[in-house]
Amino acid sequence: VAVVFEGESLTYARFDARVNQLARYLISRGVGPETTVGLAMRRSLDLLVGMYAIVRAGGAYVPIDPDQPVERNGYIVESASPVLVVSTARDGFDVPVSVPVVSIDTLDLADLSAGPVSDAERIAPLRPSNTAYVIFTSGSTGRPKGVAVSHGAIVNRLEWMQHEYSLTRDDVVLQKTPFTFDVSVWEFFWPLGVGARLVVAAPDGHRDPVYLATVMAERSVSVAHFVPSMLAVFVAEAGASDLSGLRLVFASGEALSPSLAAGARAVLPGAAVHNLYGPTEAAVDVTFHEVTSADTVSVPIGVPVWNTQVFVLDSRLAPVPVGVAGELYLSGVQLARGYVGRPDLSAERFVASPFGAGERLY
């Protein structure tokens, strides 16, 4: 079994077949490298199939939450200019922008091959530099900004994670992060890339600690992610202490306090707690640290992941002395390509690096 959602499941073979058939349909609709495709649905097996099919066709998926205001979603669609939007009839997606909406739960794909999709079938060859996904974040400007991340960037992040944490076919990963946040990317793609099992939480289930503890126990979840504020609520739930199979807990998205880290380790003694840090503009996470009993004053964000550099610089992009405050700058293969349709903002935030010819800093 590859994916489980509310009692339904798909084997790897069946999941792969559905993805390939949908990918071929999307290619026939003009989806390919350097095109974007809206993905507008709530958590479900269809969401996962749609996401993988868009990427396999060569396109970049753009998460769109059907429960967000119509005005925001309309702005995202207008900014990303997708070839089409993949949704389902039950999600009732609608925006005041003219774009084709394909309900994949009503498509008849039986006549399409379920075999592997090759470059020869795509509208253009798929390369590491092509965009894999575009996630919109409001950020400091207050307007949604579409961050375009390449295949090469996110694959570096996934390969590093597998090397560092060694997921096996016996592991079960919980997918509960809303897909409009980039933490969801490794939840969706890491386990299925190495043969583990993915358990997809029910829509809005990520907000309910009782539900999470129950589904994690029932499905023998061994790997899970929490933003620290939710981790605090979760470890206070009585059922959390019964999760003896949990071996990896990742925290990111907010500062992790020493007291919460210690409390989580006490409630979940069989799980290692790892603090990750990174902005959407750099393929999810760029630093990592395993929490220990020595982390009593603060929990560090840790050291860089593969092919990533982290600098603390002053306003002239010069390194500050140890102990002096400065701005955190990142460089390396995980940097995003930039902001979709915002060359001005991209030029402002992604600047030339003084530390390497042709390299950029964010």
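The residues that line the second largest pocket of this predicted model divide into 13 nonpolar, three polar and two charged. This pocket holds about 450 Å³ of space. Of its 18 lining residues, Y52, V155, L158, F189 and G193 are the closest to its centre. Four elements, α2, β7, α4 (151–165) and α5 (183–194), each supply at least two residues of that lining.

The largest pocket has a volume of about 1,200 Å³. Its lining comprises 48 residues, and T177, P178, T180, F181 and D182 lie nearest its centre. By class, these lining residues are 23 nonpolar, 13 polar and twelve charged. Helix α3 (70–80) and the strands β7 (131–137) and β13 each contribute at least two residues to the lining of the largest pocket.

Helix α3 also has a buried side, formed by N73, G74, I76, V77 and A80. Seen down the axis of α3, these buried residues fall within an arc of 160°, and therefore they line one face of the helix. An α-helix has 3.6 residues a turn, so residues three or four places apart point the same way. On the other side of α3, E71 and E78 are exposed. The buried residues pack against three strands, namely β3 (36–39), β4 (60–63) and β7. After the helix comes S81, with a positive phi near 50°.

The loop between α3 and β5 (85–87) contains L84. Is L84 buried or exposed? Its relative accessible area is 0%, which is under the 20% limit, so L84 counts as buried. Leaving out residues up to four places away in sequence, L84 touches L26, R29, V31, T36, V37, G38, V99, P100 and V102. One of these partners, R29, is 55 residues from L84 in sequence, yet the two C-alpha atoms are 8.3 Å apart in space.

The nonpolar interior can be considered next. The largest nonpolar core has 74 residues, and L26 and Y133 are those with the most contacts inside it. Helix α2 (residues 45–57) gives the most to this core, with ten residues. Apart from neighbours within four places in sequence, Y133 is in contact with A60, Y61, V147, A148, V149, I154, V185, A283 and V284. A second, separate core of 30 residues includes V221, F226, L260 and V273.

L260 leads to helix α8 (residues 258–267), whose buried residues are P258, L260, A261 and A264. Because they cover an arc of only 165° around the axis, these residues are on the same side of α8. S259 and A266, on the other side of α8, are exposed. What covers the buried residues of α8 includes α7 (228–235) and β13 (272–277).

A further loop position is S222, placed between α6 (209–218) and β11 (223–226). With a relative accessible area of 6%, S222 is likewise under the 20% limit and is therefore buried. Beyond its neighbours within four places in sequence, S222 is in contact with D171, V172, G245, L246, R247 and L248.

Terms used. Residues numbered from 1 in each chain as written. Predicted model: local features only at pLDDT ≥ 70, side-chain atom pairs only at ≥ 80, totals over all residues. Heavy atoms only, no water. Buried < 20%, exposed > 50% of the residue type's maximum accessible area, 1.4 Å probe, protein only. Arc of directions from axis to C-beta. Contact = heavy atoms within 4.5 Å. Core = buried A, V, L, I, M, F, W, Y, C linked by side-chain atoms within 4.5 Å. 1 Å grid on protein atoms, 1.4 Å probe; cavity = no way out; pocket = protein on both sides within 12 Å on 5 of 7 lines; lining within 4 Å. Points joined across faces, edges and corners; volume = space filled by probe spheres on them. Nonpolar A, V, L, I, M, F, W, Y, C, P; charged D, E, K, R; others polar.
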